[in-house]
Amino acid sequence: LAAHCLEAVDPTFAGSVRPGDFVVAGLNFGLGSSREQAAVSLKRLGVQAVIAQSFARIFWRNAINLGLPAVTLAEADQIAAGDRLSLDLEAGRLTNETQGRTYGFAP
């Protein structure tokens, strides 16, 4: 299942994601993902966390239940593909090392 993760959006996604990568998205990420397989697939691929401006409720719950960090960040649209990120969940801090920016979120 993970081999086909996000295939409709980007056919190369599953083959290009590496353990420790982040998925950065816009509004309502996970809409239509009413089953836990969406979060499971991302976790199996080694995605460290999903960072989005907002999440669909069911995806949000599934991610939490499966231990996949889902970070709501209004400024997610400021992050570019390929930016190096570091995440501190306890402190509620995301650092974009490429751009030299730090963002806060609810820990």
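Two strands count as paired if DSSP finds at least two bridges between them. With that in hand, the two sheets of this predicted model can be followed strand by strand, before turning to the pockets and to a few residues that deserve a closer look.

A good place to begin is the antiparallel sheet. Three strands make up this open sheet, in the order β4-β5-β6. Its edges are taken by β4 (85-88) and β6 (101-104), and as each has a single partner strand, one side of each is left without a neighbour in the sheet. Averaged over the sheet and with direction ignored, neighbouring strands are turned by 15 degrees against each other. Between β4 and β5 (residues 93-96), which run antiparallel, there are four bridges. Here serine 86 can be found opposite threonine 95 of β5. On the other side of the pairing scheme, β5 and β6 are also joined in the antiparallel sense, over four bridges. In this pair, asparagine 96 faces arginine 101 of β6. The hairpin formed by β5 and β6 has four residues between the strands, and glycine 100 adopts a positive phi near 70 degrees there.

The other sheet to visit is parallel. It is open as well, and its three strands come in the order β1-β2-β3. In this case β1 and β3 (70-72) are the edge strands; each has a single partner strand, so one side of each lacks a neighbour in the sheet. The average turn between neighbouring strands of this sheet, direction ignored, is 20 degrees. Three bridges hold the parallel pairing of β2 (residues 49-52) with β3, and alanine 52 lies opposite threonine 72 of β3.

Strand β1 leads on to the pockets. The largest pocket encloses about 510 Å³ of space. It is lined by 21 residues, and those closest to its centre are Phe22, Val23, Val24, Ala81 and Gly82. Both α1 (13-16) and β1 (22-25) contribute at least two residues to this lining, with β1 giving the largest share, three residues. Sorted by class, the lining of the largest pocket comprises 13 nonpolar, three polar and five charged residues.

The second largest pocket holds about 170 Å³ of space. Its lining consists of Cys5, Leu6, Phe29, Gly30, Leu31, Ser33, Ala38, Leu42 and Phe59. Seven of these lining residues are nonpolar and two are polar, while none is charged.

Two residues from the lining of the second largest pocket, Leu6 and Gly30, are worth following further. Glycine 30 sits in the loop between β1 and α2 (37-44). What makes glycine 30 count as buried? Its relative accessibility is 13%, and the cut-off for a buried residue is under 20%. Beyond its neighbours within four places in sequence, glycine 30 makes contact with Ala56 and Phe59, and Phe59 is itself among the residues that line the second largest pocket. Glycine 30 and leucine 6 are 24 residues apart along the chain, and their C-alpha atoms are separated by 10 Å.

Leucine 6 belongs to the segment before α1. Its phi is near 55 degrees, a positive value in a residue other than glycine. Leucine 6 counts as partly exposed because its relative accessible area is 30%, and this class spans the range between under 20% for buried and over 50% for exposed.

Asparagine 28 offers another positive phi, of about 60 degrees, although it is not a glycine. Like glycine 30, asparagine 28 is placed in the loop between β1 and α2. With a relative accessibility of 32%, asparagine 28 counts as partly exposed.

One more asparagine rounds off the picture. Is asparagine 62 buried or exposed? Asparagine 62 is part of helix α3 (residues 57-66), and it counts as buried because its relative accessibility is 14%. Not counting residues up to four places away in sequence, asparagine 62 touches Ser33, Ser34, Arg35, Glu36 and Ala39. One of these, Ser33, also lines the second largest pocket.

Notes: Residues numbered from 1 in each chain as written. Predicted model: local features only at pLDDT ≥ 70, side-chain atom pairs only at ≥ 80, totals over all residues. Heavy atoms only, no water. 1 Å grid on protein atoms, 1.4 Å probe; cavity = no way out; pocket = protein on both sides within 12 Å on 5 of 7 lines; lining within 4 Å. Points joined across faces, edges and corners; volume = space filled by probe spheres on them. Nonpolar A, V, L, I, M, F, W, Y, C, P; charged D, E, K, R; others polar. Buried < 20%, exposed > 50% of the residue type's maximum accessible area, 1.4 Å probe, protein only. Contact = heavy atoms within 4.5 Å. Axes fitted to C-alpha atoms, helices over the stretch in contact; angles between N-to-C directions.
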